[in-house]
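Reader: Hello! I am new to this structure and would love a close look at one part of it, the interior. Could you walk me through it?

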Amino acid sequence: MQISFIIPIYNGLSLTQAMLTSLRETLPPGLKYEIILVDDGSTDDTRAWLATLTAPCRTILNEKNLGFARTCNRGATAAKGEYIFFLNNDLILLPHWL
């Protein structure tokens, strides 16, 4: 079983960084997963930061702002997991949430 976590992003770099840290810290050991971050045309430093991420993170960059639903759908289309979780970039996940 593999899980795909899809995180739509529009600006809010510090929120996204904190969310990604909390996600990584709270996942059970041995879980097979991918993290798909879909940027919806951010105008802050989000895109530069996304370029530094490595597996299991993947990024998708919208050429222009497509809106929340279409951004989520782009992530879902790229997902390889058996299960898909949509997570907002302003979440702070706590242990045992999954």
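In the largest nonpolar core, which residues touch the most other members?

Author: Happy to help! This is a predicted model, in which local features need pLDDT of at least 70 and side-chain atom pairs count only at pLDDT 80 or more, while totals for chains, interfaces and linings use all residues. Residues are numbered from 1 along each chain as its sequence is written, and side-chain values use heavy atoms, with hydrogens and water left out.

The residues you asked for are F5, I7, L23, I35 and L37, in a core of 18 residues. At least two residues of this core come from each of β1, α1, β2 and α2. A nonpolar core here is a set of buried Ala, Val, Leu, Ile, Met, Phe, Trp, Tyr and Cys residues joined through side-chain atoms within 4.5 Å. Buried means under 20% relative accessible area, exposed means over 50%, and partly exposed is in between (1.4 Å probe, protein chains only). A second, separate core has 5 residues, I36, V38, I60 and A79 among them.

Let us follow one residue of the larger core. Leaving out residues up to four places away in sequence, I7 touches M19, L23, I35, I36, L37, V38, L87, N88 and N89. Contact means heavy atoms within 4.5 Å.

Now to helix α1, residues 13-26. Helices (H or I, at least four residues) and strands (E, at least two) are DSSP runs, numbered from the N terminus. The 14 residues of α1 should span 20 Å at 1.5 Å a residue, and its end C-alpha atoms are indeed 20 Å apart; the expected span is 1.5 Å times one less than the number of residues. The buried residues in α1 are L13, T16, M19, L20, S22, L23 and T26. Their cover includes β1 (2-9), β2 (32-39), α2 (46-50) and β3 (57-61).

T26 deserves a pause. This residue of α1 counts as buried because its relative accessible area is 13%. Beyond its neighbours within four places in sequence, T26 is in contact with L93, L94, P95 and W97. The side chains of T26 and W97 are also joined by a polar contact of 2.9 Å. (A polar contact is a pair of N or O atoms within 3.5 Å; within protein, one must be able to donate a hydrogen and the other to accept it, and residues adjacent in sequence count only if both atoms are side-chain atoms.)

Compare T59, which sits in strand β3. T59 is partly exposed, at a relative accessible area of 36%. Not counting residues up to four places away in sequence, T59 touches L37 and L50, and L37 is one of the core residues you asked about.

Finally, step back to the whole chain. The protein chain has 3 helices and 4 strands, in the order β-α-β-α-β-α-β along the sequence. Of its 98 residues, 42% count as buried. Among contacts between residues at least 6 apart in sequence, 71% join residues at least 24 apart.
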